[in-house]
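Let's work through a few exercises on one protein–ligand model. Have the viewer open and try each task before you read its solution.

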Amino acid sequence: MQSRLSHFSAGTKGLWAIREVRSIKGETLPFAEKIHVGETEVLDANGWTLSGIRSNTRYTTSEEKAQLEMRQEDLGRSESGRAVMILIKKNAEWWLLSQDERRAIFEEKSKHTSIGLRFLPAIARRLFHCRDLGIPQPFDFITWFEFKAEDEAMFDDLLSQLRSSVEWEFIEREVDVRLEKA
Ligand code: HEM
């Protein structure tokens, strides 16, 4: 059975070379040469590892799910020369809200899914949850995106739309890691 747990180990090994580590909000992460993504952690004395699990959806209606399934493509496409890993921690206020209040901010106010859908299938994505791992983690989410090098400006357009939304007011730490196939 495939594990739902993935480790993102920064160091000298891995399929993805780090081009840049940018702090969008809060403390950044140290630069490293490469990132290894897999079910086992690759230890590196000068590196770091973040871990997350794939999980069930929280805010997706059946109609949105159908649209996502119709348009999205999986990670690992040979033509995807670029990847971006975005690490996100939301604030205590967000986590104190009820499920319906969070959904209203996520979609009715911020249009996260409807904005995102416009960028499929060019952008392939996967979301990993860190809060449910049982031991405190520096981030709540690890998000991973893959696309062709020429689509990076389009990806930045998606980011500027999401980062100006109400949902992003609840983000207290965000680090943006730009990658290319090593
Ligand atoms: C490529 C287009 C995108 C699409 C189609 C998309 C779609 C979605 C959907 C459907 C969910 C909800 C999953 C659920 O029901 O639990 C979600 C969650 C999330 N997305 Fe996106 N997204 C996109 C881009 C992005 C980008 C660029 C970022 C980061 C800058 C991002 C960060 C997140 C985070 C952190 C969550 C979890 C939110 C939470 O549970 O509080 N997404 N996304």
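**Exercise 1. Which atom of the protein is the donor to the iron atom of the ligand, and how far away is it?**

Solution. Keep in mind that we're working with a predicted model.
- Step 1: look for N, O and S atoms within 2.8 Å of the metal.
- Step 2: the search turns up a single protein donor, NE2 of His112, at 2.1 Å from the iron.
- Step 3: place that residue in the fold. His112 belongs to helix α4.

**Exercise 2. Find the residues that come nearest to the ligand, then pick out polar contacts.**

Solution.
- Step 1: the ligand has 25 residues around it, and those that come nearest are Arg58, Tyr59, Thr60, Lys90 and His112.
- Step 2: take the ligand oxygens. One oxygen atom is 2.6 Å from a polar backbone atom of Arg58, and a polar side-chain atom of Lys90 is 2.8 Å from a ligand oxygen.
- Step 3: now a ligand nitrogen. An N or O atom in the His112 side chain lies 2.9 Å from it. So His112 turns up twice, here and as the donor to the iron.

**Exercise 3. Describe the surroundings of the ligand.**

Solution.
- Step 1: check the pockets. The ligand sits in the largest one.
- Step 2: sort the shell by residue class, and you get 16 nonpolar, six polar and three charged residues.
- Step 3: sort by element. At least two shell residues come from each of β5 (82–90), α4 (112–117), β6 (124–129), β7 (141–147) and α5 (152–163).
- Step 4: ask who gives the largest share. That's α4, with four residues.

**Exercise 4. Examine the salt bridge between Arg19 and Glu152.**

Solution.
- Step 1: opposite charges on side chains can pair when the charged atoms come close.
- Step 2: test the distance. The closest N and O atoms of Arg19 and Glu152 are 3.3 Å apart, inside the 4 Å cut-off.
- Step 3: locate the partners. Arg19 is in strand β2 (residues 16–25) and Glu152 in helix α5, so the pair links distant parts of the chain, 133 residues apart.
- Step 4: put the pair in context. The structure holds 16 salt bridges.

**Exercise 5. Hunt for backbone oddities on either side of α4.**

Solution.
- Step 1: start in the loop between α3 (99–109) and α4, where you'll find Lys111. Lys111 isn't a glycine, yet its phi is positive, about 60°.
- Step 2: move to the loop between α4 and β6, home of Pro121. The Leu120 to Pro121 peptide bond is cis, with omega near 0°.

Terms used. Residues are numbered from 1 along each chain as its sequence is written. This is a predicted model: local features need pLDDT of at least 70, side-chain atom pairs count only at pLDDT 80 or more; totals for chains, interfaces and linings use all residues. Side-chain values use heavy atoms; hydrogens and water are left out. A residue is near a molecule or strand if one of its heavy atoms lies within 4 Å of it. A polar contact is a pair of N or O atoms within 3.5 Å; within protein, one must be able to donate a hydrogen and the other to accept it, and residues adjacent in sequence count only if both atoms are side-chain atoms. On a 1 Å grid over the protein atoms alone, a cavity is a set of points where a 1.4 Å probe fits but cannot get out, and a pocket is an open set with protein on both sides within 12 Å along at least five of seven lines; lining residues have an atom within 4 Å of a point. A molecule sits in a cavity or pocket if more than half of its atoms lie within 2 Å of its grid points. Ala, Val, Leu, Ile, Met, Phe, Trp, Tyr, Cys and Pro count as nonpolar, Asp, Glu, Lys and Arg as charged, and the others, Gly among them, as polar. Donors are N, O and S atoms within 2.8 Å of the metal (3.2 Å for Na, K and Ca); water is not among the atoms, so sites may look incomplete. A salt bridge is a side-chain nitrogen of Lys or Arg within 4 Å of a carboxyl oxygen of Asp or Glu.
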